[in-house]
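Q: I am new to this structure and would like a close look at a single part of it. Please take one strand and describe its surroundings step by step.

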Amino acid sequence: KKDLPVSEMLVSAKRSEKKKKKKKDKKKKKERKERQRMNDNFETSNIQEFNDIACHQVDYVRSCILKDTDLVDGLRIIKRTGTHFYPGRLTEISAPDIYGIVVDNERGNKPHIFSQEEVLNEAVLEMKPKAVNELEVGARVCAFWSNHMNYLHPGTVAGPDIDEQFVIIQLDDGDSRDIHIDQVRYLPENYPLVVPDQNSITGLFGSRKRDSSSHTHETNEKNRKTSTNPAKSKKQTKK
């Protein structure tokens, strides 16, 4: 009879221990679920953030189209002149109607005068891709062909090069080559092909007859760059 209370105490202790263990397991399970929930939320948040960044990046690329609200003093732009694009900065002459464009590396450093309409129709924001993987095949761009030329040639992305810093671009004038990412600028999506005019080209000072000597000089410059050691083209990393 004296042993019975002891037995009951042992049973009670075991029951109490089981309850504590069950409670502890339940708490651990709850904690695991909470951690999993937090991880799921974090992953979802990251995915959403990535999608937001991607969408913003697409909008950013497409925003190289100029708007009248973009026109401020010092704005970096590229201005189409004939079949080429010239990089420079905008200056306010008599805003919002008249603006000047100071072309990079041009003698005299004097602004060329344009109306707001001309600037909006013939210029785009100067925007550089940060990496080759930003450039989809078929994307419209313009690029420096040589360090000796202060203008860019319009073209279309044909694909990535073996070197991850280079991209292959098919120019609108028919030439094709690998060009370093630093020498590439965006054009608006679906920008039309720029077909060379055989009779004349438009300069910053208006139309003029195509000078056969200047045309020959440009052709020779391209040929000289492409006919030398192929590895040399990959040394033109910066303008």
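A: In this predicted model, a good place to begin is Phe144, whose bridge partner in E7 is Leu152. That bridge belongs to the pairing of E6 with E7, which runs in the antiparallel sense over five bridges. E6 also pairs with strand E10 (residues 184-186), again in the antiparallel sense, over three bridges, and here Ala143 stands opposite Val184.

Strand E6 covers residues 140-144, and because five of its five residues are buried, it is largely enclosed by the rest of the structure. In a regular strand the side chains alternate between the two faces of the sheet. In E6, Arg140, Cys142 and Phe144 point one way, while Val141 and Ala143 point the other way, and all are buried.

Val184, the residue opposite Ala143, is in contact, once its neighbours within four places in sequence are left aside, with Val141, Cys142 and Ala143, and also with others including Met127, Leu135, Val167 and Ile169. Within the largest nonpolar core, which has 30 residues, Val184 is one of those that touch the most other members, together with Leu66, Leu90, Val119, Leu135 and Ile169. E6 and E10 each supply at least two residues of this core, as do strand E2 (84-94), strand E3 (98-103), strand E5 (123-125) and E8. Apart from it lies another core, of nine residues, and Phe144 is among them, as are Phe85, Leu187 and Tyr191.

Definitions and conventions
Residues numbered from 1 in each chain as written. Predicted model: local features only at pLDDT ≥ 70, side-chain atom pairs only at ≥ 80, totals over all residues. Heavy atoms only, no water. Buried < 20%, exposed > 50% of the residue type's maximum accessible area, 1.4 Å probe, protein only. Helix = DSSP H or I, 4+ residues; strand = E, 2+ residues; numbered from the N terminus. Pairing = 2+ DSSP bridges. Core = buried A, V, L, I, M, F, W, Y, C linked by side-chain atoms within 4.5 Å. Contact = heavy atoms within 4.5 Å.
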